[in-house]
Amino acid sequence: MPTSFMTKLTTARMRKKRRFRRMKMEGEDPMSKLPDEILVSILSRLTLGEAVRTSVLSKRWRYVWTCIPALNFDAKEELFHFYRTSCKDEYKYSKWVSGVLAQHRGPNVDEFKVCFDLDKASSSHIDRWIEFALSNRVHSIDLSLYDFLTPSPRKCYRLHNRVLGMGLKNSSSNIFVVFKSLKTLSLKAVKADDEAIEYFLSNCPLLERLSLHFIFALRNLKVVGRSLLLRHLEVVKCCKVKTIEICDTNLISFTYGGKKLKMMLLENAPKLVEVSIDPNWSSIGPARAVFLMLSCCLSQLQILRLEIYHWKLEGLRK
């Protein structure tokens, strides 16, 4: 091999080593030169805690995490207990969430999830978190405010009308604009009454998935009208619910688990293909009544799940 070629190769290698040495001394690396959009996309694939910890890598990385669109405050994925054991844990969690939201710089929020055992003592914090999510045109809200134990109705956080902007006369205000971005809503261990749930259905034109677990103030649920884009509905362990009315909708799946209802009306749901009835905690009534309720859509169902192991089935033989 010619000497001149070897000299050029050695010189190129030395330049490359010097360049990397200089980048290391300056705290830079090839990845740091990527555009912010790509770095944010990379951090979005990490847990929130992992994304925050990248801020210590260099000055370039210090604020990249503040633009991630998915804010998943799931305590089980971070350095917190699976369930709250003291007020200190509640304070620690609230401080963590509020601190992250105070530093967030992204233009919007795609996903906002709070998963921790919080009650009405944390109402002021939770109110501000919801207002933050809505003001950032959130696409998905998940409030899971209990651990593996059954939450207490007396201690649950109440979703106040003022947080949602209910009663505002100016329909052009920001609160009505941001509601138009919401596609998924999951509420667990939250006191939300009939009016609040109806308000979500009426003011979220893009809402496709609604999941309600342990909603203690809910008594009568109406999902009516072709104008609703709602595709998936879950109503589970809402102990005070008395009636559920589903008419003229575009629902694809419906899940109910809980007590016997005074009325469950299901009519004109041509797209409904999956139904789950799970009276695991108490009886929903005779099996015949359930099949009568589903009579309008039995022929179109592709999936039907029924927990009937403790029902008296003799009536079906008559």
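**Exercise 1. In which strand is D74 found?** Establish also how D74 is placed with respect to solvent and to other residues.

*Solution.* The model is predicted, so local features need pLDDT of at least 70, side-chain atom pairs count only at pLDDT 80 or more, and totals for chains, interfaces and linings use all residues. Residues are numbered from 1 along each chain as its sequence is written, and side-chain values use heavy atoms, with hydrogens and water left out.

Step 1. D74 is found in strand β1. Helices (H or I, at least four residues) and strands (E, at least two) are DSSP runs, numbered from the N terminus.

Step 2. The relative accessible area of D74 is 5%, so this residue is buried. Buried means under 20% relative accessible area, exposed over 50%, and partly exposed in between (1.4 Å probe, protein chains only).

Step 3. When neighbours within four places in sequence are left aside, D74 is in contact with W96, K113 and C115. Contact means heavy atoms within 4.5 Å.

Step 4. C115 is also the bridge partner of D74 in β2.

Step 5. The strand as a whole can now be considered. β1 (residues 70-74) is largely enclosed by the rest of the structure, because four of its five residues are buried.

**Exercise 2. Describe the sheet to which β1 belongs.**

*Solution.*

Step 1. β1 and β2 (residues 111-115) run parallel and are joined by five bridges. Two strands pair if DSSP finds at least two bridges between them.

Step 2. The order β1-β2-β3-β5-β7-β9-β11-β13-β14 describes an open sheet of nine strands with parallel pairing. Its edge strands, each pairing on one side only, are β1 and β14 (303-306).

Step 3. On average, neighbouring strands of this sheet are turned by 5° against each other, direction ignored. Axes are lines fitted to C-alpha atoms, for helices over the stretch in contact, and angles run from 0 to 180 degrees between N-to-C directions.

Step 4. Within this order, β5 (residues 184-188) pairs with β7 (residues 209-213) in the parallel sense over five bridges. L187 stands opposite L212 in β7.

Step 5. Helix α5 (residues 123-135) packs on the sheet and touches β1, β2 and β3 (140-144). The direction of α5 makes about 165° with that of β2.

**Exercise 3. Which residues touch the most other members of the largest nonpolar core?**

*Solution.*

Step 1. A nonpolar core is a set of buried Ala, Val, Leu, Ile, Met, Phe, Trp, Tyr and Cys residues joined through side-chain atoms within 4.5 Å.

Step 2. The largest such core has 83 residues, of which L71, F73, Y93, F112, L233 and I244 touch the most other members. Helix α5 gives the most to this core, with six residues.

Step 3. L233 may serve as an example. Not counting residues up to four places away in sequence, L233 touches residues including L210, L221, V223 and I246.

**Exercise 4. How many disulfides does a search of the whole structure find?**

*Solution.*

Step 1. The criterion is a pair of cysteine sulfur atoms within 2.5 Å.

Step 2. The search finds zero disulfides. For C156, the nearest cysteine sulfur is that of C239, 9.3 Å away.

Step 3. The sulfur of C239 has its closest cysteine sulfur in C238, at 7.8 Å, which is too far for a bond.

Step 4. The two residues also have their accessibility assigned: C156 is buried, with a relative accessible area of 6%, whereas C239 counts as partly exposed at 32%.

**Exercise 5. Which residues of helix α2 are buried, and why do they line one face of the helix?**

*Solution.*

Step 1. In α2 (residues 36-43), the buried residues are L39, V40 and L43.

Step 2. Seen down the axis of α2, the buried residues fall within an arc of 100°, so they line one face of the helix. The arc is that of the directions from the helix axis to the C-beta atoms.

Step 3. A general rule applies here: an α-helix has 3.6 residues a turn, so residues three or four places apart point the same way.

Step 4. The buried residues of α2 pack against α3 (48-53).
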